[in-house]
Amino acid sequence: MAEDLVLDTAIRDWVLIPLSVVMVLIGVLRYFVGKLMRSSQTADEKIVKEGQLIIRARNLRAAANFIPAKSFRLRKAYYTNEENGLLHVPKGQATNPQAQMFSDPNMAMDMMKKNLSMIIPQTLTFAWVNFFFSGFVAAKIPFPLTQRFRAMLQNGIDLSTVDVSYVSSRSWYFLNLFGLRGLFSLILGDENAMDDTQRMMQMGGFGMDPTKSLSAEKDSMEIIQHEWALPKMGQRAEEVLRKFVKQ
Amino acid sequence: MATHDDSRSPQKKAADDIPIYSAENLQSNMKSIYYSRTFLSIIGGVVAGIWGISGWTGFIVYFLVMAFASLGLALKAKFSAHKYFDSWNRVLFDGFFGGLMSFVLFWTFAYDIVHIF
């Protein structure tokens, strides 16, 4: 470090602390607003049915070894047989999710609400930070970094002579944005823990075809190897009992 | 460290290979691990910042804290991890890096407030 900057304590009191506090409070506010805006959807019967069906099939798959081979075969046939198995989706009946979305305005509305509740607070805070706090050297990271990080950490101040570990206020905002997730998960419960990244994922997977997951479930059901656990359980019980007797 | 131990926790016997888990309990145990690690990384960050630790020493502190967390979790599970988790790796390494961002943020924050200005 070539030279140490002397920062005004007023910057701490009027930039660093308020910025961090506001970020936390906005996170909390966003959580509650999101909670308020979440409409209680009346789920479509067909979709609920399919979801439950998949859960049932998954349970069967997980617990397959605890039932006799015959019972497993029966259940497997019930789920996967080619004529009227529950997981079997007839060709041509698969609905196009895109078309379904357009036919159901509620779904699009919900999606938009979710996105808006994410984007609006972020743009607003960013604008607010830009307006009030642009150009401050607000903080200093306590470990050395290479020049590559300059663009990331000193966003908003164009001084090439300042040591890289000094952080501009705008970059402090970004650091808060990413680093506070852990804190939010602690104070707001786990619903919020994975909101941003998770929502991105949801957006990516949005318009996913429910029939696809049905047929995927069917495939994995078909390749499962069945091995009844009961014979082994006898051994296990014997072990346990022997232990008891020894004591 | 609020490691949540249910009496009905997933059990597994090493002798035979059929795993018997209760998925929900396993999940809840993992969640407690995640919470305790996040909590410790935030607290550790603040403490490191107030002590004025700077440079790479800070990261060493982070790893010490995480190792301490692993030890505490193992202690809480009474060193029989298989009773509560499906493998030892869950206790020792799960979420090892998850708290790093929080740690760095709170470390920087406390360090700046106390030492820079």
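Tutor: A salt bridge is a side-chain nitrogen of Lys or Arg within 4 Å of a carboxyl oxygen of Asp or Glu. This is a predicted model, where local features need pLDDT of at least 70 and side-chain atom pairs count only at pLDDT 80 or more, while totals for chains, interfaces and linings use all residues. Residues are numbered from 1 along each chain as its sequence is written, chains are lettered from A and ligands numbered from 1 in the order in which they are written, and side-chain values use heavy atoms, with hydrogens and water left out.

Student: What makes Asp13(A) and Arg12(A) a salt bridge?

Tutor: Their closest N and O atoms are 3.2 Å apart, and the limit is 4 Å, so the pair qualifies.

Student: Why is Asp13(A) called partly exposed?

Tutor: Buried means under 20% relative accessible area, exposed over 50%, and partly exposed in between (1.4 Å probe, protein chains only). Asp13(A) has 38%, so partly exposed is the right label.

Student: Glu217(A) and Arg61(A) also meet in a salt bridge. Which of these words fits each residue, buried or partly exposed?

Tutor: Glu217(A), at 5%, is buried, whereas Arg61(A), at 26%, is partly exposed. Their N to O distance is 2.9 Å. Salt bridges that share partners join both residues and Arg58(A) into one network.

Student: What makes Glu227(A) and Lys232(A) a salt bridge?

Tutor: The closest N and O atoms lie 3.7 Å apart, so this pair too meets the 4 Å limit. Lys232(A) has a relative accessible area of 30%, so this residue counts as partly exposed. Over all chains, the structure holds five salt bridges.
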